[in-house]
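This report introduces a protein model to a reader who has not met it before. Please keep the sequence and the structure in view while reading.

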Amino acid sequence: CDNTDGEHVIKMPEDSYDIWSNNNLEYDTDKFRFDYTSLVTPTTTFDYNVKEKTLDTLKVRPVDEYDATNYKTKRVWATAIDGTQIPMSLMARQDIDLENNNAPLPVYLIGYGSYGISYDVYFSAS
């Protein structure tokens, strides 16, 4: 998405993720290198070409006996009693319907949001 200043937002593969910048040993480059992870994606290193607006996968941390295509992640929002919107990241098998808000599903819930501190989403093989 470009704005009037020519800035744009990099489209990520999933709605819920964490990214951080990585080292790029080339000084004169059109690429921004960063690492990415989500609840279903192991740490992945990307190069983003700023001029072409393309995302190239350089490396995916291997995880034995894991297939990320079997899972999906989604960002949803819960409304607190005071009206504050609270972000929540969901992870499920591909065959689970996360769009049907009335379907009861088992859940493992963790969270913390006090003092401006929250949990970043990340992949864990355990």
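The report treats strand pairing and then two residues.

This is a predicted model, in which local features need pLDDT of at least 70, side-chain atom pairs count only at pLDDT 80 or more, and totals for chains, interfaces and linings use all residues. Residues are numbered from 1 along each chain as its sequence is written, and side-chain values use heavy atoms, with hydrogens and water left out.

**Strand pairing**

Strands (DSSP runs of E, at least two residues, numbered from the N terminus) pair if DSSP finds at least two bridges between them. Strand 1 (residues 18–21) pairs with strand 2 (residues 31–37) in the antiparallel sense over 4 bridges; here Ser-21 stands opposite Phe-34 of strand 2. Strand 2 also pairs with strand 3, in the antiparallel sense over 6 bridges, and Phe-34 has Phe-46 as its bridge partner in strand 3. A hairpin with 6 residues between its strands is formed by strand 2 and strand 3.

**Two buried residues**

Buried means under 20% relative accessible area (1.4 Å probe, protein chains only).

| Residue | Strand | Relative accessible area |
|---|---|---|
| Asn-49 | strand 3 (residues 44–49) | 9%, buried |
| Thr-73 | strand 5 (residues 71–79) | 13%, buried |

A polar atom of the Asn-49 side chain lies 3.0 Å from the backbone nitrogen of Lys-51. Contact means heavy atoms within 4.5 Å. Not counting residues up to four places away in sequence, Asn-49 touches Asp-30, Lys-31 and Thr-54.

For Thr-73, a polar side-chain atom lies 2.9 Å from the backbone oxygen of Leu-90. With residues up to four places away in sequence not counted, the residues that Thr-73 touches include Glu-14, Ser-38, Leu-90 and Met-91.

Key. Buried means under 20% relative accessible area, exposed over 50%, partly exposed in between (1.4 Å probe, protein chains only). A polar contact is a pair of N or O atoms within 3.5 Å; within protein, one must be able to donate a hydrogen and the other to accept it, and residues adjacent in sequence count only if both atoms are side-chain atoms.
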